[in-house]
Amino acid sequence: MKLSDFDYTLPPELIAQEALSNRDASRLLVVEPDNVFKDQTFRDIVDLIQPEDLLVFNDTKVLPARMFGQKATGGLIEVLVERLLDEDRLLAHVRSSKSPKVGTTLTIEGAFEAEVMGRQGALFELCFKSGDHRKAIDLLEQFGRMPLPPYIERSDTADDRERYQTVYANNLGAVAAPTAGLHFTSELLNALKAKGVKTAQVTLHVGAGTFQPVRSEDLSEHVMHSEWVDVPEAVCQAVRDCHARGGKVVAVGTTTVRSLESAAASGTLKPFQGDTDIFITPGYEFQVVDRLITNFHLPKSTLLMLVSAFTGYDTMMQAYEHAVEQKYRFFSYGDAMYLSKAEPSKQS
């Protein structure tokens with residue numbers, strides 16, 4: 001398949017610019033086999049997931065990763081942290097009229113300095129330095145801004161600190177939210193628990209690369225970005241137990257899918273910790289995941305390719321057409337879908 005196969009027309013007014021006041025008030029498009037589409041609300045997820053199922057979340061927590069500053073010459077810069085390396089060092093995208101050289105000192109938010117230590121591809125290795133020797137994470141927490149996606153055309157607000165974060169976020173390290181999880185509330189989680197639904201948590205620190213466009217019409221030429229993932233043995237056992245009792249593994253978000261499928265890349269699900277650059281396109285045979293809760297994804301994106309591989313290309317594109325016609329809200333602060341894995345013959 002080609003990149004152009006994953007294009008669709010989206011009216012700009014359907015791109016959600018604000019989060020709903022109630023997380024679980026989002027709409028939910030349930031996509032069933034044979035192209036049956038049901039328009040429901042996210043609260044209905046409690047009825048869709050059964051006691052024998054396993055609900056798997058990505059518990060990553062979003063860093064306040066965007067900051068502004070200037071070079072010694074006075075030139076303005078924007079820093080978007082991609083990954084923490086240790087207490088003082090991190091990798092970041094640095095936007096400026098001219099890329100800073102190694103050894104350059106940057107002043108960030110008028111409050112502390114960052115020295116450019118080197119380059120790793122498009123990323124800069126920075127060392128944060130403050131007069132009171134605070135750690136990089138502390139400086140981010142105080143001076144950083146929530147890294148809203150580029151299609152949200154406004155500056156972040158105090159409300160985004162809470163809303164662009166899942167209620168179960170635990171492991172700090174992402175620069176983009178695992179957005180399918182934004183719809184869950186503590187009340188919904190308690191209702192699922194009361195129903196007997198088992199849960200498990202993986203960690204995938206979503207990177208800024210998730211927003212990078214695919215530039216090659218030939219998908220085999222696309223170089224997928226890497227993200228850090230942790231799938232512990234407890235999750236692997238929970239998956240085995242779920243399938244043994246006849247339940248379905250329900251992944252909350254494409255990042256959870258990428259985590260679980262990376263851990264099963266050998267053909268057997270086993271603990272995995274490290275970077276993954278798994279690129280899932282139609283024709284991929286899913287090893288672990290049976291159901292998927294996900295938001296709507298950008299045209300020509302790798303995530304649209306993933307959900308097309310999961311549910312079937314024709315079904316997915318018709319679902320997106322339905323969502324546009326019914327004026328669903330799209331992308332990070334938008335509505336959600338509940339998808340079932342297609343039969344192998346229908347996934348391409």
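In strand β13, Asp230 is the bridge partner of Thr203, and that pair is a handy way into this predicted model. Thr203 comes from the pairing of β12 (residues 198-204) with β13, an antiparallel match that rests on two bridges. Strand β13 itself covers residues 227-231. On another strand, β15 (residues 272-276), β13 has a further antiparallel partner, and here five bridges do the joining. One position to look for in that pairing is Glu227, which stands opposite Thr276 of β15.

The two faces of β13 are worth a look as well. In a regular strand, side chains alternate between the two faces of the sheet. Strand β13 shows a covered face made up of Glu227, Val229 and Val231, while Trp228 and Asp230 make up the uncovered one. Asp230, the bridge partner of Thr203, is thus on the uncovered face, and Glu227, the residue opposite Thr276, is on the covered face.

Between β12 and β13 runs a loop, and Gly207 is found there. Is Gly207 buried or exposed? Its relative accessibility is 1%, so Gly207 counts as buried, the cut-off for that label being under 20%. Setting aside neighbours within four places in sequence, the contacts of Gly207 are Glu82, Val175 and Glu227. Glu227 is part of the covered face of β13, and Glu82 brings in another part of the chain. As for Pro344, this residue is 137 residues from Gly207 in sequence, with 30 Å between the two C-alpha atoms.

Next comes the barrel. Six strands close into it, and going round, the order is β5-β6-β7-β10-β9-β8, with antiparallel pairing. From one strand to the next, the twist averages 45°. For a single step of the barrel, take β5 (residues 66-71) and β6 (residues 76-84): these strands run antiparallel and are joined by five bridges. Within this step, Met67 has Val79 of β6 standing opposite.

Over in the helices, α7 (residues 302-311) packs with α8 (residues 313-325). Two packed helices are described by the angle between their axes and the distance between the axes. For α7 and α8, the angle is about 120° and the axes are 6 Å apart. The two helices are therefore oblique to each other, and their crossing is right-handed. On the α7 side, the contact is made by Leu304, Val307, Ser308 and Thr311; on the α8 side, by Tyr313, Thr315, Met316 and Tyr320. Sorted by class, this contact has five nonpolar residues, three polar ones and no charged ones.

Finally, a couple of loop residues have backbone angles that deserve a mention. Most residues other than glycine have a negative phi. Asn35 is not a glycine, yet its phi is positive, at about 60°. Asn35 sits in the loop between β1 (27-32) and β2 (36-41), and with a relative accessible area of 28% it is partly exposed. Phe331 also has a positive phi, near 75°, in a residue other than glycine. The loop that holds Phe331 lies between α8 and β17 (336-340). Where Asn35 is partly exposed, Phe331 counts as buried, because its relative accessibility is 4%.

Conventions. Residues are numbered from 1 along each chain as its sequence is written. This is a predicted model: local features need pLDDT of at least 70, side-chain atom pairs count only at pLDDT 80 or more; totals for chains, interfaces and linings use all residues. Side-chain values use heavy atoms; hydrogens and water are left out. Axes are lines fitted to C-alpha atoms, for helices over the stretch in contact, and angles run from 0 to 180 degrees between N-to-C directions. Helices (H or I, at least four residues) and strands (E, at least two) are DSSP runs, numbered from the N terminus. Angles under 35 degrees count as roughly parallel, over 145 as roughly antiparallel, 65 to 115 as roughly perpendicular and the rest as oblique. A crossing is left-handed if the near helix is turned anticlockwise from the far one by less than a right angle, and right-handed if clockwise. Contact means heavy atoms within 4.5 Å. Ala, Val, Leu, Ile, Met, Phe, Trp, Tyr, Cys and Pro count as nonpolar, Asp, Glu, Lys and Arg as charged, and the others, Gly among them, as polar. Two strands pair if DSSP finds at least two bridges between them. Buried means under 20% relative accessible area, exposed over 50%, partly exposed in between (1.4 Å probe, protein chains only).
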